[in-house]
Amino acid sequence: MYLTREQEKMLRGDYGWSTAKAMEILVKVGEAMGASELIEIKHAHISGVSYVNIGKYGVLLIYELLRGNAKAKVFTTINPGCIDYSSLSSIIDNSLEKEQSIIDQLFMEMGFKPIFTCIPYHYRPPLPFEHLAWGESSAVIFSNTVFGGFTNREGGPIAIASALTGYVYKAGLHILENRIAKVNVELGILTSRTPVGAIGLWIGENIGDLPLLTQRGGGLDIYRLKVLLAAMAASGSHAMAVIPGVTPKGTYMVEIEDKVVIEPQYIEKYIGEIPDSSNKILGYIGCPHLHPVELYRIYSLLKKYGPPRSGNKLMITIPPEYVDKHRNIIYALKALGTDIATGTCPVVAKIRREFDIVVTNSGKAAFYLSKIHGLRTSIMELEEVVKTVGGKNV
Ligand code: F3S
């Protein structure tokens, strides 16, 4: 791989052990991916930071990096950890607070921004053609598809290595010729009740190529699109889709070889169980984390359908900073019985299981809550989630 003089110095250890290790990782992985050079990035986003996922050996690795003089060279943000930072939630079990705080502290000493959210584009929206090194598959696919950012799906170590050097290997979606839509996936007519999270899981599992997504009759706003893309990236290896009118021109190419039309029966198996009236239900919204606009929508739906009826709960997950920045709506939601978890989510945290089944609009959450946590799940649209747990018979 060709390295500039500056990159050579990094690799040689002129900037300390951690920078040298980071450069070594990037060169080795880059060569394995066929890259002939490294490119500058503007933003690194680190996923896999929950103590539940990385445990004490992960902490030791981060500690060693800090001891070796690790410092962020570019704007770097952090994904959710395993604790509710505002202690507002009764469902998230904060017993690993000490362990998670050590991880967070180490990252902050490296200069990483403690945003603890999977929607880093809310803090720093990428510009079209901007190279990034992001972990968190839902953020990667949203960035490439909606903002025209250029990032692969990176694991924690590569994203950290990129944060510490400011570079990533030039391969995969960093190259325009690899961003070619080859299959047209026609989403069909999306009503307000069509569970787009389930459609995303079907696409992830059944479509291998980069898809061009088209739809008839609208119905896919940016919030539903976020859920659809996250599900595609969860059940499959997707890191990008092309959506005419959304994906910035020039950041993709189209050479369609095949067309698939989504039929309603395709998604039945992904919807899961429908809860009955004897079930204690956890309604969950916020995977990926919610935008403030979605908070107001949930509030008006709670007014319509009533706070969760006895035995049920409604949980939302959001970035920690909303608690100050959007205090009024947060406490209005809380007053209507919403369980609010900040800087975390039930997938990456320990949770108190005082329910029989989870109903969620998120295909990604349903996918991991059933696969990793062994929970019973059901996917339905956001309004249906609030209605299902609500106390009013509307
Ligand atoms: Fe975010 Fe957790 Fe979902 S990190 S994308 S809310 S699994």
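Mentor: Before we start, one term: a residue counts as buried when its relative accessible area is under 20%. Keep in mind too that this is a predicted model.

Trainee: Okay, so how many residues of helix α7 are buried?
Mentor: Helix α7 runs over residues 196–206. Among the residues under the cut-off are V196, A198, L201 and W202, along with I203 and G204. That leaves the helix mostly covered, and the tally of buried residues is 9 of 11.

Trainee: I267 sits elsewhere in the chain. How far apart are the C-alpha atoms of I267 and G200?
Mentor: I267 belongs to the loop between β9 (253–261) and α9 (268–271). With a relative accessible area of 7%, I267 is buried, and G200 of α7 is buried as well. Along the chain the two are 67 residues apart, yet their C-alpha atoms are separated by 9.1 Å.

Trainee: Now the ligand. Which space does the ligand take?
Mentor: Look at what surrounds the ligand: P80, C118, E136, S138, Y284 and G286 are in the shell, and so are C287, P288, C345, V347 and K364. By class, that shell has 7 nonpolar, 2 polar and 2 charged residues. As for the space the ligand takes, it is the largest pocket.

Trainee: How much space lies in the largest pocket, and which residues are the closest to its centre?
Mentor: The volume comes to about 430 Å³. There are 25 lining residues, and the ones closest to the centre are N79, E136, V347, V348 and K364.

Trainee: Which elements give two or more residues to that lining?
Mentor: By class, the lining of the largest pocket has 12 nonpolar, 10 polar and 3 charged residues. The elements that give two or more of these residues are helical runs: α3 (51–67), α5 (137–147) and α13 (363–371).

Trainee: E136 keeps coming up. What is the phi of E136?
Mentor: E136 is in the shell around the ligand, and it lies in the loop between β5 and α5. Its relative accessible area is 11%, so E136 counts as buried. Most residues other than glycine have a negative phi. E136 is not a glycine, but its phi is positive, at about 70°.

Trainee: And F129, is that buried or partly exposed?
Mentor: F129 also has a positive phi, about 75°, without being a glycine. Its place is the loop between α4 (97–109) and β5 (132–134). The relative accessibility of F129 is 44%, so the class is partly exposed.

Trainee: What is the omega of the peptide bond that joins C287 and P288?
Mentor: P288 is in the loop between β10 (281–285) and α10 (292–305), and both C287 and P288 are in the ligand shell. Most peptide bonds are trans. The one joining C287 and P288 is cis, with an omega of about -5°.

Trainee: Those two residues turn up in a cavity lining as well. How much space lies in the largest cavity?
Mentor: The count is 1 cavity of 30 Å³ or more. Its lining is K226, V227, I285, G286, C287, P288, L290, E294 and N361, which divides into 5 nonpolar, 2 polar and 2 charged residues. The space in that largest cavity is about 40 Å³.

Trainee: Why is there no bond from C82 to C345, and how many disulfides does the structure hold?
Mentor: Both cysteines are buried, C82 at 1% relative accessible area and C345 at 10%. A disulfide needs the sulfur atoms within 2.5 Å. The closest cysteine sulfur to that of C82 is in C345, 10 Å away, so a bond is ruled out by distance. For the structure, the number of disulfides is 0.

Trainee: Back to α3 for a moment. How far apart in space are L60 and I103?
Mentor: L60 has its place in helix α3 and, at 46% relative accessibility, counts as partly exposed. In sequence, L60 and I103 are 43 residues apart. C-alpha to C-alpha, the separation in space is 9.3 Å.

Trainee: Last one: how far apart in space are A332 and L3?
Mentor: A332 is in helix α12 (residues 327–335). With a relative accessible area of 22%, A332 is partly exposed. In sequence, 329 residues separate A332 and L3, and from C-alpha to C-alpha they are apart by 55 Å.

Methods:
Residues numbered from 1 in each chain as written. Predicted model: local features only at pLDDT ≥ 70, side-chain atom pairs only at ≥ 80, totals over all residues. Heavy atoms only, no water. 1 Å grid on protein atoms, 1.4 Å probe; cavity = no way out; pocket = protein on both sides within 12 Å on 5 of 7 lines; lining within 4 Å. Points joined across faces, edges and corners; volume = space filled by probe spheres on them. Nonpolar A, V, L, I, M, F, W, Y, C, P; charged D, E, K, R; others polar. Buried < 20%, exposed > 50% of the residue type's maximum accessible area, 1.4 Å probe, protein only. Near = heavy atom within 4 Å. Sits in = over half its atoms within 2 Å of the grid points. Helix = DSSP H or I, 4+ residues; strand = E, 2+ residues; numbered from the N terminus.
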